[in-house]
Amino acid sequence: MPRLDEPDLKTGAQLHVFDAVKERVLARFSATVLGISKRDGRGIVIRRISGRVWAGLLLALCVAGAQAAPRYESLTLAGPAAVVSYPLMHMAQTQALSQYTDKLEFRLWQNPDQLRVLLAKKEVDYSAAPSNLSALMFNKGQAVKQLNISVWGILWLVSRDPAVKDFSDLAGKELLVPFQRDLPAVLLDTLLAKQAEPGKDAVRLRRTRDAQDAIALMLTGQGDQALLVEPTASLLLWQAGQKKVALHRGQSLEQAWAQVFPSQQALPQAGVMANVTVAQDTELNQAVERAYAESARWCGQQPQECAQMAHGYLPQFPVPAIQTAIEKTRLDSRPASEIRPQLEALYQLLADQHPHALGGGLPAAGFYGP
């Protein structure tokens, strides 16, 4: 979104916040301290400027510049209907970036392809997204930046068979998977390949159109197991309870991953990325990272209030299901630069086994923000 100190392409007007403040400071000094006077109509003459006066003037200008942080006409936050987006919703609700913009709004996107379009059209400044998507875009030449990682556990196994408690119990069984090419699908494929044992039947993956399709199949008895992202896992279990359908929550993919990959237990799955519109504004990016972390803590400490707030954006999800999703999700916001080793371990795995999910090798140092 355009900054107020950049040219307005519609009107040709150009606002300079710092210059305006500087002119006021100079005007204040000119009449009294600097001793400026008119002489014979030939202009302004400066009679005397002491060292102390110069020091005061410079200090005033520095203070004015520090107070005149760049402002934006508006900033747009975005994200999917998932727990990673709830802190962004809270930021928009509380107008957390009022120092930088008068209008902070949140926008939902339905799938990564839609997000790519929004980013390309510069209709979104910051978005929650899978951690590989921002790296993929960066490797394709778009100067985006990963600000943080906040979600470390969000994928859950749901089954109608009480004997199916973890992923090792899925051998020879069918698993509904509403993912195609995105990060959850890559993680599942990697986990199952590592977990496969000689002589045991493989897990049969049944790709569904989307999460709602998987939920419908489970509720009507046409599916026995499903892997779902929160809050859809909690939504399925809530709806099953309403319909008296016996379903239960099994192991999370992150728990299974830690067992199979003990040296790489952390899964930095999702966080916030900065679009090219703001990626170079370090001060703003730092403010966004801090505000998001504060909102994430609020969501974790006040899950019911957070659920009620998120319900306003996601009316199709009942508040109890959203609250359960918050309680079941590991929501821990940390700057991307701080957890770069964990990110690079995941990126290296993707580069080795699923290079299409990363679009090349590891991103350069400038990718890790804020």
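# How the labels are earned

Q: What do the buried residues of helix H4 pack against in this predicted model?
A: They pack against strand E4 (104–108), strand E5 (126–130), helix H5 (131–139) and strand E13 (270–274).

Q: Which residues of H4 are the buried ones?
A: H4 runs over residues 112–120, and its buried residues are Leu115, Leu118 and Leu119.

Q: What puts these residues on the same side of H4?
A: Look at the arc around the helix axis. Leu115, Leu118 and Leu119 cover only 95° of it, so they sit on the same side of H4.

Q: Which residues of helix H12 are buried?
A: In H12 (residues 319–328) they are Ala321, Ile322, Ala325 and Ile326.

Q: How do you know that they share a side of H12?
A: Use the arc again. The buried residues of H12 cover an arc of only 140° around the axis, which puts them on the same side.

Q: What covers the buried residues of H12?
A: The cover includes H3, helix H8 (232–242), H10 and H11.

Q: How do helix H10 and helix H11 pack, and how far apart are their axes?
A: H10 (residues 282–301) and H11 (residues 303–313) pack at an angle of about 110°. Their axes are 5 Å apart.

Q: Why is H10 called roughly perpendicular to H11?
A: That label covers angles of 65 to 115 degrees. The angle is about 110°, so H10 is roughly perpendicular to H11.

Q: Which residues make this contact?
A: H10 supplies Trp298, Cys299, Gly300 and Gln301. H11 supplies Pro303, Glu305, Cys306 and Met309.

Q: How do the residues of the contact divide into nonpolar, polar and charged?
A: There are 5 nonpolar, 2 polar and 1 charged. Glu305 is in the contact, and Glu counts as charged. Gly300 and Gln301 are there too, and they count as polar because Gly and Gln fall outside the nonpolar and charged lists.

Q: How many salt bridges does the structure hold?
A: It holds 11.

Q: What makes the pair of Asp102 and Arg71 a salt bridge?
A: The cut-off is within 4 Å, from a side-chain nitrogen of Lys or Arg to a carboxyl oxygen of Asp or Glu. Asp102 and Arg71 meet at 2.4 Å, N to O, so the pair counts.

Q: Which parts does this pair tie together?
A: Asp102 lies in the loop between helix H3 (86–94) and E4. Arg71 lies in the loop between helix H2 (51–67) and strand E3 (75–79). The two parts are 31 residues apart in sequence, so the pair ties them together.

Q: Why is Asp102 called exposed?
A: Exposed means over 50% relative accessible area. Asp102 has 60%, so it counts as exposed.

Q: How do you know that Glu123 and Arg107 form a salt bridge?
A: Their side chains meet at 3.1 Å, N to O. That is within 4 Å, so the pair qualifies. Glu123 lies in the loop between H4 and E5, and Arg107 in strand E4, 16 residues apart.

Q: Why is Glu123 called partly exposed?
A: Partly exposed lies between the 20% and 50% cut-offs. Glu123 has 28%, so the label fits. Arg107, at 35%, is partly exposed as well.

Q: What makes Arg330 and Asp332 count as a salt bridge?
A: The N to O distance is 3.9 Å. The cut-off is within 4 Å, so this pair counts. Arg330 is partly exposed at 43%, and Asp332 is partly exposed at 28%.

Q: Why is Ala185 called buried?
A: Buried means under 20%. Ala185 has 1% relative accessibility, so it is buried. Ala185 is in helix H6 (residues 183–195). Leaving out residues up to four places away in sequence, Ala185 touches Phe179, Gln180 and Arg207.

Q: What is the sign of phi in Lys244, and where is this residue?
A: Phi of Lys244 is near 60°, a positive value in a residue other than glycine. Lys244 sits in the loop between H8 and strand E12 (248–252).

Q: How do you know whether Lys244 is buried or exposed?
A: Compare its 76% relative accessibility with the cut-off of over 50%: Lys244 is therefore exposed.

Q: Which form does the peptide bond from Glu230 to Pro231 take, cis or trans?
A: The bond is cis, with omega near 15°. Pro231 lies in the loop between strand E11 (225–229) and H8.

Methods: Residues are numbered from 1 along each chain as its sequence is written. This is a predicted model: local features need pLDDT of at least 70, side-chain atom pairs count only at pLDDT 80 or more; totals for chains, interfaces and linings use all residues. Side-chain values use heavy atoms; hydrogens and water are left out. Buried means under 20% relative accessible area, exposed over 50%, partly exposed in between (1.4 Å probe, protein chains only). Helices (H or I, at least four residues) and strands (E, at least two) are DSSP runs, numbered from the N terminus. The arc is that of the directions from the helix axis to the C-beta atoms. Contact means heavy atoms within 4.5 Å. Axes are lines fitted to C-alpha atoms, for helices over the stretch in contact, and angles run from 0 to 180 degrees between N-to-C directions. Angles under 35 degrees count as roughly parallel, over 145 as roughly antiparallel, 65 to 115 as roughly perpendicular and the rest as oblique.
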